[in-house]
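This report walks through one protein structure for a reader who is meeting such models early in their studies. Please keep the structure in view while reading, and look up each part as it is named.

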Amino acid sequence: MLAKSVDYMPMRLCKLIADSYSDARIRKAYLKRLGVQMGEGTFSNFGLRVVPNDNPICVDIGKNVSLAPNIVFVCNSSANNGVEINKLKYVANKLTYSGNIKVEDEVWIGANVTVLPGINIGKCSVIGAGSVVINDVESYCVYAGVPAKKIRNLLSEEGDYNGL
């Protein structure tokens, strides 16, 4: 019954429900309509937002992923309302891009993280709160900052702690 109602709901209402409905299972169903596929044991927290591209599944999230509040997955980056700015070579060639996002199993993404198009986040990695992910994230590593940088390998004792 829920799957049918999701398909006929106006997209703006789907976004609102996916963002803030109290039941995570309901949010998961509505996020699927927005192009987010989540594996078993994964549910979003409040405020998961997606800037979709033209693909039916633009964000593929694995199993048992921990998603903190206010994560933004940007699958399409452009000056969407701009006419003149989109004609500039630098904007068109360097700043406008689209790509799917892949989050592998057992990842932990902190609050207020932004992930840009085409990123792959490796298995059992951690993304620190407030980070902006602009490059792929290695498995079993901790990344943090703006832009997010590797600060620790979880399988070794090496790492730059910087108070973390």
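In this predicted model, the protein chain contains 4 helices and 15 strands. The C-alpha atoms of the chain fill a box of roughly 50 × 45 × 20 Å when it is taken along the principal axes. The radius of gyration of the protein chain is 17 Å, which agrees with the value near 15 Å that a compact globule of 164 residues would have.

Of the 164 residues, 36% count as buried, and the protein chain exposes about 9600 Å², of which carbon and sulfur atoms supply 54%. If one takes the contacts between residues at least 6 apart in sequence, 30% of them join residues at least 24 apart. The chain carries 18 positive and 15 negative charges, and the mean positions of these two groups are 8 Å apart.

**The five-stranded sheet**

Which order do the strands take in the open sheet of 5 strands? The order is S4-S9-S12-S14-S15, and the pairing is mixed. Strand S4 (66-67) and strand S15 (149-153) stand at the edges with a single partner strand each, so one side of each is left without a neighbour in the sheet.

The mixed pairing can be followed in two pairs of strands. S4 pairs with strand S9 (residues 108-109) in the parallel sense over 2 bridges, and here Leu67 has Ile109 in S9 as its bridge partner. Strand S14 (residues 141-144) pairs with S15 in the antiparallel sense over 4 bridges, and Cys141 stands opposite Asn153 in S15. In a regular strand, the side chains alternate between the two faces of the sheet.

The hairpin of S14 and S15 has 4 residues between the strands, and within it Gly145 takes a positive phi near 110°. Pro147 is also found in the loop between S14 and S15, and a cis peptide bond with an omega of about -5° joins Val146 and Pro147.

**Backbone angles to look at**

Most residues other than glycine have a negative phi, and most peptide bonds are trans. Against that background, the cis bond between Val146 and Pro147 can be read together with the positive phi angles of two residues that are not glycines, Cys124 and Tyr140. The table sets these two residues side by side.

| Residue | Phi | Loop | Relative accessible area |
|---|---|---|---|
| Cys124 | about 55° | between S11 (120-121) and S12 (126-127) | 22%, partly exposed |
| Tyr140 | about 55° | between S13 (132-133) and S14 | 28%, partly exposed |

Are Cys124 and Tyr140 buried or partly exposed? Buried means under 20% relative accessible area, so Cys124 at 22% counts as partly exposed, and Tyr140 at 28% likewise counts as partly exposed.

**Helix H3**

Which residues of helix H3 (residues 24-33) are buried? They are Arg27, Lys28, Tyr30 and Leu31. An α-helix has 3.6 residues a turn, so residues three or four places apart point the same way. After H3 comes Gly35, whose phi is positive, near 100°.

Conventions
Residues are numbered from 1 along each chain as its sequence is written. This is a predicted model: local features need pLDDT of at least 70, side-chain atom pairs count only at pLDDT 80 or more; totals for chains, interfaces and linings use all residues. Side-chain values use heavy atoms; hydrogens and water are left out. The radius of gyration is taken over C-alpha atoms; the globule rule is 2.2 Å times the number of residues to the power 0.38. Buried means under 20% relative accessible area, exposed over 50%, partly exposed in between (1.4 Å probe, protein chains only). Contact means heavy atoms within 4.5 Å. Accessible areas come from the Shrake-Rupley method with a 1.4 Å probe; for residues, only the protein chains shown count as cover. Lys and Arg count as positive and Asp and Glu as negative; His and the chain ends are not counted. The place of a charge is taken as NZ of Lys, CZ of Arg, CG of Asp or CD of Glu. Two strands pair if DSSP finds at least two bridges between them.
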